[in-house]
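Open your viewer, switch to a cartoon representation and colour by chain. This tour tells you what to select at each stop and what you will find there.

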Amino acid sequence: MAEPEGLLDIDNLSVSFRTPRGDLQALRNVSLKMGKGEIVGVIGESGCGKSTLINSIIGLLPANTCALSGHIRFAGEDIVGMADRDLRRLRGERITTIFQDPMTALNPVLSIGTQMTAIQYRRNSSPREKQRRTVEFLEKVRMPDAEKRLGQYPHQFSGGMRQRICIAMALLTEPDLLIADEPTTALDATLEVQVIRLLRELQRDIGCSVLFISHHLGAVAELCERVAIMYAGEVVEQGSVRDIFRDPRHPYTRKLLECDPGRILELRAVMPTIGGDLPDLVHIPKGCIFRERCPDRFERCSERPPVETIRAGHRAACHKARELANP
Amino acid sequence: MKPLLTVNDVTIRFPAANRLAARLSGQPRFIEAVAGVSFALEAGKTYALVGESGSGKTTLARAIVGLVPTHGGQIEFNGERISGLSENRLRRVRREIAMIFQDPLGSLSPRLKVRSTLAEPFTVHGETAGIERKIIALLEDVGLPAHFAERYPHQLSGGQARRVAVARALALRPKLVIADEPTAGLDVSIQGEVLNLLRDLQAKFGTTFLMISHNLNVVRHVADRMAVMYLGRIVEEGNTAAIFAAPRHRYTRALLSANLKPDPDHSAPLIEVEGETPSLLKRPSGCEFHPRCIFSLAVCKQQAPKEQIDAGHRFSCHNPG
């Protein structure tokens, strides 16, 4: 699958944090490209570096970050090493974020209308115009009686409505890139479906790119065009959703898909699992990062695997990537 | 076979948050979190309560262990009525019914070592003889090495904390274990481990499980029977396989179709549910699902549907699928 015109180009990004035990290498040589208007999913379990990836893009790495290398080019400009002043120009304007928990993302002591008007401080328009725009975006996320509800506070809305408010706020600036960090994890299934549909419609409407972080394979399959699979700080495989779900080549991707009960059609007494634990990211093991837990490991896995290109846009970091084809 | 647990027409009420405002606005002064629920649980099997936030499934579970009082109906355990028992008499019953709480880390005291957490059930019920040996055996049952007894909750991973919570629930070899969302928040690779553990323990000790879950993919694999709850009522109940094969209630259908398939080529038509769950203070008329149901008929608005039974499969819908 061809990659469209670039918007975000993460190139060989590595991030380490200083800890009492030594330097924790949270991200290692991560490369990921996103095109304009593309919806890309990032899948990974706890500790895979999803949050570090987001924080690197929005320039909010914690104070104990001790090593940062590689490039994050956003519309041609490198975010790595960018001055705070310039970053602020991007963040919250051209790159916006929706977080997992809509309650903590909203200010509990300000009404929705106040928050949504305040966030437009960069716009040179009258307060009345800002309010009109607030209502317009609340209507876009299908908030009933949007105008009447401007004076209400976050606790007066249900969880699903709060997440809609967060989406409306994130889209108010018509960003180029929307980062959605597990936006449906805290929602019930029927609401999750509603929010995913809404995101897709709004994305078409506004034309922004969406980086959708999730551990829910079903949600990614429903929304995204391309997907990257992360494990222990590395992107182990990436490609079109179709290629990854139909013909996964990295053993971790294969195991992850195998473990999802939604993909197990016949009833099973024993559920599949991935044995073992995440490797220690302070003392990175030699060779392939997944080796210890990999069902397909062999001698060569003690060497770091190359990133094999399976087909256009589909890459997997595994010595056996070419052999592990689905029948 | 006589069921181990029978829940018969149980109602659980809570006072509305603002009673004065409720009175002034003519709203009810109570909300019925559980409104006339009946089901029976066969010994040695797994029964799942399914539903979205606010459906009353956790409240019902808490009532079974006696953590919230019931206001109508009866709960019978092992042929004995346990709803409305005094605290003293409940304690004896609680030996037999254990609960695994939703948030495993939150349900473990941060100041207690795993050893003390696991010792507590024995101490409470006066079984202190050989307690050290019992604790080690429990850890072994849930697949944790003995040195985990010395750890504090913050030194445990999510999966390990869940195992400790399972060990605590199993300490007194209860007949019934209520597991509230036992896999929520776990990575899929670990989800399987916890489910396998519960299944092994069921095989080993014949434990009966009442599982509360919103994860239909999990329920399909582990539950023998299930009930779907909406606004504090059971709208559909039956054999898990039968419900997944042919759901009758429109809400169950919507719930199943909202269960996104991890398959990009899967294109089952999504059944849209409109809006969100209504407030318990303003229960809709007729069938309480009608404002969100795209299949609702005129009668749905006016009349609550009667429960129909079809080969052990119960449902309440005017326009079933």
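Start with chain A: of its 327 residues, 45% are buried. Keep in mind as you go that this is a predicted model. With chain A still selected, you should be able to pick out 11 helices and 12 strands. Turn the chain along its principal axes and its C-alpha atoms fill a box of roughly 70 × 50 × 40 Å. The radius of gyration of chain A is 21 Å, which agrees with the value near 20 Å that a compact globule of 327 residues would have. If you like contact maps, note that 64% of the contacts in chain A between residues at least 6 apart in sequence join residues at least 24 apart.

**Stop 1: a backbone oddity in chain A**

Select D145(A). This residue is not a glycine, yet has a positive phi of about 50°. To find D145(A), look in the loop between helix 5 (127-140) and helix 6 (146-149) of chain A. Is D145(A) buried or exposed? D145(A) counts as exposed, because it has 10 C-beta neighbours inside 10 Å and the exposed class takes in residues with 12 or fewer.

**Stop 2: chain B as a whole**

Now hide chain A and show chain B, whose secondary structure comes to 11 helices and 12 strands. The radius of gyration here is 21 Å, close to the 20 Å from the globule rule for 321 residues, so chain B is as compact as a globular protein of that length. Its C-alpha trace spans about 65 × 55 × 40 Å along the principal axes, and buried residues make up 47% of the 321 residues in chain B. For contacts in chain B with a separation of 6 or more, residues 24 or more positions apart account for 65%.

**Stop 3: the open sheet**

Colour the strands of chain B and follow the order 6-7-8-3-9-10-12-11: these eight strands form an open sheet with mixed pairing. Which strands stand at the edges? They are strand 6 (97-100) and strand 11 (308-310) of chain B; each has a single partner strand, so one side of each is left without a neighbour in the sheet. Neighbouring strands of this sheet are turned by 20° against each other on average, direction ignored.

Zoom in on strand 11 of chain B, which pairs with strand 12 (residues 313-315) of chain B in the antiparallel sense over three bridges. Here D310(B) stands opposite H313(B) in strand 12. Then add helix 6 (residues 158-170) of chain B, which packs on the sheet and touches strand 6 and strand 7 (176-180) of chain B. The direction of helix 6 makes about 170° with that of strand 6 of chain B.

While strand 7 is in view, select E181(B), found in the loop between strand 7 and helix 7 of chain B. E181(B) has a positive phi of about 50° although it is not a glycine. With 20 other C-beta atoms within 10 Å, E181(B) is buried.

**Stop 4: two domains in chain B**

Colour domain 1 (5-96 + 175-263) and domain 2 (109-173) of chain B separately. Their C-alpha centres lie 25 Å apart. The contact between them takes 12 residues from domain 1 and 13 residues from domain 2 of chain B. On the domain 1 side, the largest share comes from helix 7 (residues 188-205) of chain B, with seven residues. By class, that side has nine nonpolar, one polar and two charged residues.

**Stop 5: where the chains meet**

Bring chain A back. The contact between the chains takes 26 residues from chain B and 35 residues from chain A. On the chain B side, the elements giving two or more residues are helix 7, helix 8 (216-222) and helix 10 (250-257) of chain B. Helix 7 of chain B gives the most, with seven residues. The residues on this side divide into 11 nonpolar, eight polar and seven charged.

Finish by selecting helix 10 of chain B. Six of its eight residues are buried, so this helix is largely enclosed by the rest of the structure. The buried residues are R250(B), Y251(B), T252(B), R253(B), A254(B) and L255(B). What covers them includes helix 8 (189-206) of chain A together with helix 8, strand 9 (225-230), strand 10 (233-239) and helix 9 (240-245) of chain B.

Technical notes
Residues numbered from 1 in each chain as written. Chains lettered and ligands numbered in written order. Predicted model: local features only at pLDDT ≥ 70, side-chain atom pairs only at ≥ 80, totals over all residues. Helix = DSSP H or I, 4+ residues; strand = E, 2+ residues; numbered from the N terminus. Rg over C-alpha atoms; globule rule 2.2 N^0.38 Å. Contact = placed C-beta atoms within 7 Å. Pairing = 2+ DSSP bridges. Axes fitted to C-alpha atoms, helices over the stretch in contact; angles between N-to-C directions. Domains from an automatic or database assignment. Nonpolar A, V, L, I, M, F, W, Y, C, P; charged D, E, K, R; others polar.
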